[in-house]
Amino acid sequence: MDEKFTTVLRPHLPFLPADRQLSDSDALRDLGLNSMQAIEVLFAVEDAYGAVIPDDKLNDETFATVGSLWQAVEDAMQRQEVGR
Amino acid sequence: MSVTTVDPCQGMTPPNMMTPDALSPVNLYRSAAIDPALVRDVVTVAREQAIRSDSDAVFPVTVLNRMRSTRLLGLAVPTAFGGIGGTVEDVMAVSHEISRVCMASGMIFAMHCQQVTTMVEHASPELAARVLPRIAQGEVYLASVTTEPGKGGYLLTAQAAVERDGDRLLVNRMAPVVTGGEHADGFLITMRDGQDGTANQVSLVYADVSDVSAQPLGGWDSLGMRATRSVPMRIVGSVPPENIVGEPGKFREIVVRTFGPLAHLGWAACWLGTAGGALARTVMLLRSPQERKRRDLSSDLLRTRLSKIRQRLDVVHAMMAHATAVYRTGDTTTLGAPNAQLLMNALKVTASEQCLAAVDELIEVVGMRHGYLKDSSLALERALRDLRSAALNYSNDRLHAVDGALVLLDSEVRFV
């Protein structure tokens, strides 16, 4: 997980204290992400990294933790690289 | 529900679980019989020609030719006759996928397969052995001839009578609407069972194009479904006596067991495909980075509209999946019962209304530029015109009239 990812994510996590670092195991729902906002996070992440997370990854598992979402982003970027 | 003693799917590939690659967007249990690459091939050709065949109102010959060369035209023909041996779910999945890009092509395919299955389940062994292998090879595209002037569109009556003349049956039949009739290699024609037969004693007659002259009597310049070339025709000639499909005068039994359910299942699969394709293209546009900057995707109005559109399609999908299971496990008795007929008719009416409404609302969502223009890549305008035919393609009014009577017959209101 890079610095940019934290910056992109933070505004969508209202229960994350401003002075706390994000870790892979943080549950996104516990930090205030709900399914209504998941689409906004998705767009923000896709815009930030220019990578499209495929439909079959848009599930609860992907949006479970900071780490699982980052993994999906990394996979998407990798796929984009391979496709080039 | 009891299971038919004679398995009409004999020789067909049983449904099984799919690998994700083979899973159709309609998500019915497609069998392993179909090579997904062949479907993609046909869909690609259908997509390429969709705009032109619509604007010029020409039959999608390139798509039909690809259905021939891939042998998908023989999808519903059992393997014993050299066909693919696909199931009803296979036919619906392929019809659905083609209709996502070109509803005319999808409907042409679905209705051909409806005719083929009718032959498979009801033709005499002699007729089946003569025609089914040719369909399997992609040589025969079948058109349906059920409309007739002056009978108010009722499927189960006929006026023109089939006459015996020595060892031939004489056919002389006018039909105001024959989808793809100018390109058909064979026709399944409803006719009164001889001069002494009543209008309700209807026989289904197969006519090979080599046995008859099939003359178009006019053109087809329609609002939508323009590529189906559903022209008026006169069909004149003579056919061998074995060409009566099913018992003479007993077309109703074929309709109950095969012809009716497959019409409604096939049409619903196509209409849902067209509306599903329209929604998929629209969502892709809304989610694109450029479009995201232009509109507020968090708008409650937008989200409510999208939700209602998807809800319409999920209703149709659920009904279709249920009706498919009822058809697959049914027999002449169960499918002839009022509750099963009500379900099949309700599927048709619901799909025709909801799919059209969904596309209409999509146009509202995206607005003039993406929704209303002919050259928009979303093709919502064509989808709307095409889907407007759904209520008329066997009139909803007529089905409601039948359904009302059936409701009165099912006093316990037992759902199937």
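Biologist: Happy to look at this one with you! Which residue is the bridge partner of Met174(B) in S7(B)?

Modeller: Glad to help, and please keep in mind that this is a predicted model. Strand S3 of chain B, residues 168–179, pairs with strand S7 of chain B, residues 230–239, in the antiparallel sense over nine bridges. Within S7(B), the residue bridged to Met174(B) is Arg234(B).

Biologist: And which residue in S7(B) does Ala214(B) stand opposite?

Modeller: Ala214(B) belongs to the stretch 212–216, which is strand S6 of chain B. S6 and S7(B) run antiparallel and are joined by five bridges. Opposite Ala214(B) in S7(B) stands Ile235(B).

Biologist: Let's turn to the nonpolar interior. Which helix gives the most to the largest nonpolar core?

Modeller: That core has 122 residues, and Val205(B), Cys355(B) and Val359(B) have the most contacts inside it. In general, nonpolar side chains tend to be buried together in soluble globular proteins. The top contributor here, with 17 residues from the stretch 251–287 of chain B, is helix H6.

Biologist: Which residues is Val359(B) in contact with, leaving aside its neighbours within four places in sequence?

Modeller: Val359(B) is one of the residues with the most contacts inside the largest core. Its contacts beyond those sequence neighbours are Ala275(B), Ala278(B), Leu380(B), Ala383(B), Leu384(B) and Leu387(B).

Biologist: How many residues does the other core have, the one that lies apart from the largest?

Modeller: Among the members of this other core are Leu33(A), Leu42(A), Val45(A) and Phe63(A). Its count of residues is 12.

Biologist: Now for chain A. Why does its radius of gyration agree with a compact globule?

Modeller: Chain A has three helices and zero strands, in the order α-α-α from the N terminus on. Its C-alpha atoms fill a box of roughly 40 × 25 × 20 Å along the principal axes. A compact globule of 84 residues would have a radius of gyration near 12 Å, so chain A agrees with its own value of 12 Å.

Biologist: What percentage of the contacts in chain A with a separation of 6 or more comes from residues 24 or more positions apart?

Modeller: As background, 17% of the 84 residues of chain A count as buried. For those contacts, the share from residues 24 or more positions apart is 58%.

Biologist: On to the domains of chain B. Which helix supplies the largest share of the side of domain 1 of chain B that touches domain 2 of chain B?

Modeller: Domain 1 of chain B covers 20–140 and domain 2 covers 143–245, with 22 Å between their centres. The contact takes 24 residues from domain 1 and 19 residues from domain 2. Helices H1, H2, H4 and H5 of chain B each supply at least two residues of the domain 1 side. The largest share, nine residues, comes from H4(B).

Biologist: How many nonpolar residues does that side of domain 1 of chain B have?

Modeller: By class, the side that touches domain 2 also has five polar and three charged residues. Its nonpolar residues number 16.

Biologist: One last residue: why does Val58(B) count as partly exposed?

Modeller: Val58(B) sits in the loop between H1 and H2 of chain B. Not counting residues up to four places away in sequence, Val58(B) touches Ser53(B) and Ala227(B), and 7.4 Å separate its C-alpha atom from that of Thr228(B), 170 residues away along the chain. Because Val58(B) has 14 C-beta neighbours inside 10 Å, its class is partly exposed.

Technical notes: Residues numbered from 1 in each chain as written. Chains lettered and ligands numbered in written order. Predicted model: local features only at pLDDT ≥ 70, side-chain atom pairs only at ≥ 80, totals over all residues. Pairing = 2+ DSSP bridges. Helix = DSSP H or I, 4+ residues; strand = E, 2+ residues; numbered from the N terminus. Core = buried A, V, L, I, M, F, W, Y, C linked by C-beta atoms within 7 Å. Buried ≥ 20, exposed ≤ 12 C-beta atoms within 10 Å, placed from the backbone. Contact = placed C-beta atoms within 7 Å. Rg over C-alpha atoms; globule rule 2.2 N^0.38 Å. Domains from an automatic or database assignment. Nonpolar A, V, L, I, M, F, W, Y, C, P; charged D, E, K, R; others polar.
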